[in-house]
Amino acid sequence: MDLPDFGIPPQLARRMTMAEQHEYLRTKLSRRRALVTAGAVAGGLLTGCAGHSPSSPATTPSSSSPSPTAAVHGSAVSPFGRHLAFGADPRTQMRISWQVPLAVKKPYVRVGLKPEDLSRKIEAELRDLHTPGQTGVRLALDQYYLHAALDGLRPGTTYYYGVGHDGFDPADASRRSTISSFRTAPASPGKFVFTAFGDQGVGTAAAANDNLLLRQKPAFHLHAGDICYADGNGQGLTSDGYDPGFWDLFLKQNEEVARSVPWMVTTGNHDMEAWYSPDGYGGQLARWSLPDSGFDPRSAPGVYSFVYGNVGVVALDANDVSYEIQANFGHTGGKQTKWLEKKLAELRAAEGIDFVVVYFHHCAYSTSSHASDGGVRAEWLPLFERHQVDLVINGHNHVYERTDAIRGGEVGRTVPVGGATDPTRDGIVYVTAGGGGRDLYGFPAGVKESYEGRVHDHESVETFQWTKSKQPRKETVEWSRVRYRGFSLLSVEAESGARPRLTVSALAQSGERVDHFEVRRGA
């Protein structure tokens, strides 16, 4: 009798290597069980497919999977998209995450102090993510993300690791090229660099920024939201255009840097993916393992804090307070702001922490296309000032823009290129670092760029802020000090000691510096 054609479903084929496709087809043609499996795959019955809808939970943690794709031998399934993140204590904890194109058996991480001796083996958790199809737009898609928690590490130590599963052992000689490394935070403060940007996406400019980032040799990277742009509209609605396959491309693109540099993300408006519960954040929960800082990650996975050296870092979900895009407005019921107030007080009182840096997506102060968000200003700026936050980093506007020191909504101190400021006296500098790789924005008509080597000061700029009624309200501002319309990233050097300081630099994609200033407390 004639057998039906059980080819590779397009939604799988476009995420598989030629070797994986070959093994997939070979297995199904050689075994009766595989033919039954292929029928299930063709019917869309991969792990996690059944019983899901846009309003139901999309992730199902498990240590192994009963997926019918288990018929494909593990040797033909190659991990990709490795990315690191700190645990709650960067001195002793690291989280390793990666992706596989098909579900695998017994995933794990090998880790050790030498690349040739990965003797410690840690079981990984599988989180499968199902995206329902949309008629005339996309097919249903299943993605498989793996996570391993490394605890009890030594501070200030370089570790080597490889990711694997049944049939794919990174310790094998043929797999040695897949081994990477990371370094834990030091036991005591010293000098280090971290980088930051938002609004990266996938493409030539995004990859070039990754290359620039690696040259800075950062201890970690802060991604201020709008990570991948799988959701092209960014309104947090099921009517948004959405292609989850962009995440595969993004994680492959960024693996070169994120496999060795902890990639600390928070949530932008384009990261509200309404097909996943809760609140469109199920995709975030599947793809990332971030520090547990006492805030429920299912409520807002992009809300956490950590301490590295003499710097306390706080990540926030500005979708919760944004007046501009209100799909998730108020979704934590005020819990995030209460957590923020408590966390800032803890960090400011903690011994050994000289600086507090806060980052989130929507701009507190910007004159570019999205301008400033009145909800961010109303909800969080009083807390920033009360606890004397030293630096605030945003994305959202695809430019680099930097304010003077702002206190009480006004310029507390002018901070020109190369200047210095003291947050205890002058106020807070707000940086928009949205030149991570997506199409660039501009500035208001008649307002010139102004950056290092090309300064054009404006006494005032006509712009606006978003109100709670979702309407823009015009305002004339004097705090817009540096403006650069180009792909860029922020590089921050932190120093401890008798005279601690943050040296903040903005680098164009060429590596040329377009801004720099210093933050010194009690200077």
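Trainee: How much of the chain is buried in this model?

Mentor: The model is predicted. Buried residues account for 60% of the 523 residues in the chain. A residue counts as buried when its relative accessible area is under 20%. The chain exposes about 19700 Å², and carbon and sulfur atoms supply 49% of that area.

Trainee: Which secondary structure elements does the chain have, and how many of each?

Mentor: The chain has 28 strands and eight helices. As for contacts, take those between residues at least 6 apart in sequence: 72% of them join residues at least 24 apart.

Trainee: How should I read a strand, and where do its side chains go?

Mentor: In a regular strand, side chains alternate between the two faces of the sheet. Strand S15 (residues 355–359) is a case to look at here. Phe355, Val357 and Tyr359 point one way from S15, while Val356 and Val358 point the other way.

Trainee: Are the residues of strand S15 buried or exposed?

Mentor: Five of the five residues in S15 are buried, and the strand is mostly covered. That holds for the residues pointing either way.

Trainee: Which strand is joined to S15, and in what sense do the two run?

Mentor: Strand S14 (residues 311–315) is joined to S15 by five bridges, and the two run parallel. To find the register, start from glycine 312: its bridge partner in S15 is valine 356.

Trainee: Now a whole sheet. In what order do the strands of the open sheet of seven strands lie?

Mentor: Read across the sheet, the order is S12-S11-S10-S26-S27-S28-S21, and the pairing is mixed. Strand S12 (263–265) and S21 stand at the edges with a single partner strand each, so one side of each has no neighbour in the sheet.

Trainee: How do strands S11 and S12 pair?

Mentor: Strand S11 (residues 220–223) pairs with S12 in the parallel sense, over three bridges. Histidine 223 has valine 265 as its bridge partner in S12.

Trainee: What is the order and pairing in the open sheet of four strands?

Mentor: The order is S5-S4-S8-S9, and the pairing is antiparallel. Strand S5 (120–123) and strand S9 (180–183) are the edge strands, each pairing on one side only. From one strand to the next, the twist averages 30 degrees. Strand S8 (residues 158–164) and S9 run antiparallel and are joined by four bridges. One register point is tyrosine 161, whose bridge partner in S9 is serine 180.

Trainee: Moving on to charged pairs, how many salt bridges does a search of the whole structure find?

Mentor: The search finds 21 salt bridges. To count, a side-chain nitrogen of Lys or Arg has to be within 4 Å of a carboxyl oxygen of Asp or Glu. One of them joins the side chains of aspartate 89 and arginine 91, at 3.0 Å from N to O. Arginine 91 is partly exposed, at 37% relative accessibility.

Trainee: Where do glutamate 346 and lysine 343 lie?

Mentor: Both are in helix H7 (residues 335–349), three residues apart, which is about one turn of the helix. They form a salt bridge in which the closest N and O atoms are 3.2 Å apart. Glutamate 346 is partly exposed, with a relative accessible area of 38%. Lysine 343 is buried, at 13%.

Trainee: What about aspartate 426 and arginine 413?

Mentor: Their side chains meet in a salt bridge at 3.8 Å, N to O. This pair links distant parts of the chain, 13 residues apart: aspartate 426 is in the loop between strand S21 (420–421) and strand S22 (429–433), and arginine 413 is in strand S20 (residues 410–413). Aspartate 426 is buried, with a relative accessible area of 3%, whereas arginine 413 is partly exposed at 36%.

Trainee: Which residues are joined into one network by salt bridges that share partners?

Mentor: Glu495, Arg501, Glu518 and Arg520 are joined in that way.

Trainee: Last, the surface. Which residues make the nonpolar surface patch of about 220 Å²?

Mentor: Val202, Phe246 and Leu249 make that patch. Valine 202 lies in the loop between strand S10 (192–197) and helix H4 (204–215). Its relative accessible area is 31%, so valine 202 is partly exposed. Patch residues need over 30% relative accessible area.

Note on methods. Residues are numbered from 1 along each chain as its sequence is written. This is a predicted model: local features need pLDDT of at least 70, side-chain atom pairs count only at pLDDT 80 or more; totals for chains, interfaces and linings use all residues. Side-chain values use heavy atoms; hydrogens and water are left out. Buried means under 20% relative accessible area, exposed over 50%, partly exposed in between (1.4 Å probe, protein chains only). Contact means heavy atoms within 4.5 Å. Accessible areas come from the Shrake-Rupley method with a 1.4 Å probe; for residues, only the protein chains shown count as cover. Patches are made of residues with over 30% relative accessible area and no salt bridge: like charges are joined within 9 Å, nonpolar side chains (Val, Leu, Ile, Met, Phe, Trp, Tyr) within 5 Å. Two strands pair if DSSP finds at least two bridges between them. Axes are lines fitted to C-alpha atoms, for helices over the stretch in contact, and angles run from 0 to 180 degrees between N-to-C directions.
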